[in-house]
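Q: I would like to learn how to read salt bridges in a protein structure. Please take me through them one step at a time.

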Amino acid sequence: MRILLATDGSESAAVARDLTASLPWPDGSAIRVVAVVERPVGVIPTPWLAPGPANLGELYDDLVRSITAALEAVERDLRRQGVTVDSVRREGRAATGIVDEARAFGADLVILGSRGHGPIASMLIGSTSSEVVDHAPCPVLVARRAAIGPILIADDGSPVSERAMQLLESWSPFADEPCGVLSVAEVAGPWIVGVAPTMYDDVLAAHAADVEAAREQATAIASAGAERLRKAGFRAEAITAEGDAAHRILEAAKARGSGLIVLGSRGRTGIVRAMLGSVARNVLLHADCSVMIVR
């Protein structure tokens, strides 16, 4: 495997480093550590604006030294695990540099922390992490814990869920962890606005049939996924739920003490965002454990 680990020296990056170091990567795996130096932006003097800081050059030099020290420290830590490690430093926007390096390295997986040293971060997940997930050419693991622990895989029977299952089957670092395969039956409430009173019973009966069909489908998907993983050597069980998919995934992960949620970037249904499906984005934003998004 070829693993790209992004670091910026932050506490979140340290969690990603520790998680990377804890996993039993297959023989022949290579880990590349990337750090991106973002140049401090000065303000161009104008009659209306004061000039930017005079020591921007010094600030940049300090940043380079800090990033270089972080790279060297991560390399030392990972070499103790007996895997091949190298590092690279890029310049520019952090997310762009990480994605470009993932392409250049031919990465099978990108690992990074949920928040870094960026000046503006969202309340729940750093903008760099979110952008990398949107644009990376391979699966991205956003680390929030230093160990994997029980795995929860969300499966809705879509092609991208199939790719997620294939990865779990073939990636040995995850094989020792118990795994739950969750499929959620999502059925909207019955639409009765504008329906004649004499038709209410028919509408409710049709809705009940839809709910039952969705339950049966979710049960079949979860059972098939769990059986598939058991044949691949996992300790796997099937889990079903009803309601909003993102909410139920988060709820199940918390109830099971999951250390990692695995799901596809887009599912079978719903209005999909331009880059990342709404279910995947909501899980990524609100999970308190690590999340791996598969495209």
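The dialogue below goes through salt bridges and the residues that form them.

Q: What kind of model is this, and how are residues numbered?
A: This is a predicted model, in which local features need pLDDT of at least 70 and side-chain atom pairs count only at pLDDT 80 or more, while totals for chains, interfaces and linings use all residues. Residues are numbered from 1 along each chain as its sequence is written, and side-chain values use heavy atoms, with hydrogens and water left out.

Q: What is a salt bridge, and how many are there by this rule?
A: A side-chain nitrogen of Lys or Arg must lie within 4 Å of a carboxyl oxygen of Asp or Glu. The count here is 16 salt bridges.

Q: Where in the chain are Arg145 and Asp288?
A: These two form a salt bridge, with their closest N and O atoms 3.6 Å apart. The pair links distant parts of the chain, 143 residues apart: Arg145 is in the loop between β5 (140-143) and β6 (151-154), and Asp288 is in the loop between α8 (278-286) and β10 (290-294). Helices (H or I, at least four residues) and strands (E, at least two) are DSSP runs, numbered from the N terminus.

Q: Which helix holds both Glu227 and Arg230?
A: Both lie in helix α6 (residues 200-231), three residues apart, about one turn of the helix. Their side chains meet in a salt bridge at 3.1 Å, N to O.

Q: Which residues are linked in a network of salt bridges?
A: Arg32, Asp86, Arg90 and Glu101 are linked in this way.
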